[in-house]
Amino acid sequence: MDLLLRRARFMDGSLQDIAIRDGRIRDMGPDLPGPAREIVDVKGRLVIPAFVDAHTHLEKALVGVAGGAASLEEAILAFARLYNTLTREDVQARAGKVLEMAIGHGTGTLRSHVTVVPEIGLVALEALLELKEKYSPFIDLQLVAMPAGVDYDLDDATLKLLEEAARLGVDALGGAPHLSRDPFDSIDKTFDLAEKYGLPVDFHVDEHDEPDVRTLEYLAEKTRERGWAGRVVAGHCCALAAVPDDVAARVIEKVREARISIITLPSCNLYLMGRKDRQPVRRGVTRVRELLEAGVNVAYASDNIRDPFRPFGNADMLEEALITAQVLQMGLPRELETVLKMGTYNAAAATGLGEDYGLRPGARADLVVLEAESPAEAVITQAAKAYVFKGGRLVARGRKDTELYFKVE
Ligand SMILES: [Zn+2]
């Protein structure tokens with residue numbers, strides 16, 4: 001073996017060794033025999049498969065607040081004013097920094113949406129495709145080409161660009177149909193193009209507070225009609241929280257039947273939604289509990305990191321886990337385990353990692369050793385990432401380094 005992790009604590013509390021060869025887990029169990037080129041005793045710390053950040057925006061990340069924005073629409077316009085400043089070098093410098101932050105925090109796969117509009121062309125996408133290659137030994141970067149704007153038109157010029165993006169090699173096609181002039185037409189056209197190139201789709205859906213979930217319902221219906229079950233991701237779905245329970249139940253059932261994965265983005269929604277409300281201010285976070293109870297695959301993700309959409313964020317899925325747990329009021333130990341799984345297993349399922357992912361023989365050895373013994377402790381204490389492995393190779397070590405310079409007598 002190349003690497004043997006001794007005494008790894010699993011989420012169920014059991015202690016097992018993990019044997020790794022050629023970048024994959026080969027064997028698991030208590031007291032595995034050696035030999036191994038390297039043996040690391042993790043001393044009962046929690047070991048999880050690497051985090052999967054299933055929804056980010058790397059070409060926007062770290063541009064700063066750009067004057068500030070008091071709503072989603074204002075944030076979109078604030079970023080649009082920066083379009084002419086985007087260069088390959090600038091995008092790569094900021095995105096590279098975020099990827100390194102993410103790697104340090106134990107993210108093994110990160111999906112970024114990338115703006116593809118005539119004003120930008122393919123500059124951002126090409127810059128990120130290069131980074132994808134460059135960082136491939138350390139993190140898997142997935143790219144989703146998306147048209148964007150307020151009241152945008154999925155016209156021929158934009159469709160042509162999306163098609164070029166598909167040819168260049170993106171991992172999915174996306175968009176924000178509810179912000180387009182004709183949401184249903186946008187969904188249809190994107191499905192057509194994705195079908196032509198054999199790509200899955202990943203949309204921003206109903207990112208608003210109005211009690212109107214027709215876009216999500218239409219997406220679920222079309223997913224079923226076209227036989228796309230399991231290949232469609234819907235991010236945000238904020239409006240699902242604004243409709244009455246019976247409407248929500250009807251749409252959630254359609255989402256379940258269509259096997260659409262839902263990505264909730266609580267940190268960004270809490271910042272941008274409900275801006276027109278007086279008290280009480282709505283949170284804008286979708287119905288995660290009901291979706292999970294119905295059997296829908298739900299993950300959480302970072303979304304925007306230090307840009308006009310959200311001034312905060314550290315590309316740290318454990319930080320997002322805490323925010324998610326707080327806003328969803330999921331604080332019991334088993335609920336915190338569910339939250340941790342939403343940022344690992346569920347996110348892996350949403351992004352199509354399949355058999356390559358997980359803690360089992362045959363899976364890629366993308367692992368994080370946390371300074372905690374249980375999922376609840378990891379989330380609550382914001383545990384340091386003691387060891388981060390990508391394909392069995394150590395790519396980061398984290399430490400808690402606060403020292404107190406006093407002693408209570
Ligand atoms: Zn987004």
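## Buried or exposed: a starting point

A residue counts as buried when its relative accessible area is under 20%, as exposed when that area is over 50%, and as partly exposed in between. Take Phe203 as a first example: at 1% relative accessibility, Phe203 counts as buried. Keep in mind as you read that this is a predicted model.

## The zinc site

Let us begin with the metal. Which residues hold the zinc ion? The zinc ion is coordinated by His55, His57 and His204, each through its NE2 atom, and by Asp303 through OD, at 2.0 to 2.5 Å. If you follow the chain, these donors show the spacing H-x1-H-x146-H-x98-D. His55 belongs to strand E6 (residues 51-56), while Asp303 sits in the loop between strand E13 (298-300) and helix H10 (317-328), so this pair ties together parts that are 248 residues apart in sequence. Both His55 and Asp303 are buried.

What about the geometry? For four tetrahedral donors, the ideal angle at a metal is 109.5 degrees. The angles among the four donor atoms of the zinc ion run from 87 to 176°. Four donors count as tetrahedral if all angles lie between 85 and 135 degrees. The site of the zinc ion is classed as irregular.

## Cysteines without partners

How many disulfides does the structure hold? The count is zero. Cys237 is one cysteine that is in no disulfide: the nearest cysteine sulfur belongs to Cys238 and is 7.6 Å away. For comparison, a disulfide needs two cysteine sulfur atoms within 2.5 Å. Cys237 is buried, as its relative accessible area is 1%.

Cys268 is also in no disulfide, and its nearest cysteine sulfur, again that of Cys238, is 9.0 Å away. With a relative accessible area of 1%, Cys268 is buried.

## Aromatic pairs

Now for the rings. A pair of aromatic rings is described by the distance of the centres and the angle of the planes. The structure holds seven aromatic pairs, and one of them joins Phe184 and Tyr218. Their ring centres are 4.1 Å apart and their planes meet at 10°, so this pair is stacked. Phe184 lies in helix H5 (residues 183-197) and Tyr218 in helix H6 (residues 214-225), so the pair ties together parts that are 34 residues apart in sequence. Is each partner buried or partly exposed? Phe184 is partly exposed, with a relative accessible area of 32%, whereas Tyr218 is buried, at 13%.

Another pair is made by Phe191 and Phe203: the centres of their rings are 6.5 Å apart and their planes are at 70°, so the pair is edge-to-face. This pair links distant parts of the chain, with Phe191 in helix H5 and Phe203 in strand E10 (residues 201-205), twelve residues apart. Phe191 counts as buried at 0% relative accessibility, and you have already met Phe203 as a buried residue. Together with Trp228, Phe191 and Phe203 form one aromatic cluster.

## Charges over rings

Trp228 has a charged neighbour too. The charged end of Arg231 sits over the ring of Trp228, 4.7 Å from the ring centre. You can find a similar arrangement at Tyr271, where the charged end of Arg275 sits over the ring, 4.8 Å from its centre.

## Special spots in the backbone

Where does the backbone have cis peptide bonds? One runs from Gly34 to Pro35, with omega near -10°. Pro35 is found in the loop between strand E3 (24-29) and strand E4 (38-41). A cis peptide bond also joins Gln279 and Pro280, where omega is about -5°. Pro280 is in the loop between helix H8 (266-272) and helix H9 (288-294).

The loop between E3 and E4 also contains Asp31. Although Asp31 is not a glycine, it has a positive phi of about 50°. Asp31 is exposed, with a relative accessible area of 70%. Arg259, another residue other than glycine, has a positive phi near 50°. You will find Arg259 in the loop between helix H7 (245-257) and strand E12 (261-264). Its relative accessible area is 54%, so Arg259 is exposed.

Definitions and conventions:
Residues are numbered from 1 along each chain as its sequence is written. This is a predicted model: local features need pLDDT of at least 70, side-chain atom pairs count only at pLDDT 80 or more; totals for chains, interfaces and linings use all residues. Side-chain values use heavy atoms; hydrogens and water are left out. Donors are N, O and S atoms within 2.8 Å of the metal (3.2 Å for Na, K and Ca); water is not among the atoms, so sites may look incomplete. Four donors count as tetrahedral if all angles lie between 85 and 135 degrees; four count as square planar and six as octahedral if opposite donors are over 155 degrees apart and all others between 65 and 115; anything else is irregular. Helices (H or I, at least four residues) and strands (E, at least two) are DSSP runs, numbered from the N terminus. Buried means under 20% relative accessible area, exposed over 50%, partly exposed in between (1.4 Å probe, protein chains only). Rings of Phe, Tyr and Trp (its six-membered ring) pair if their centres lie within 6.5 Å; planes under 30 degrees apart count as stacked, over 60 as edge-to-face and the rest as tilted. A charge sits over a ring if NZ of Lys or CZ of Arg is within 6 Å of the ring centre and within 35 degrees of the ring normal.
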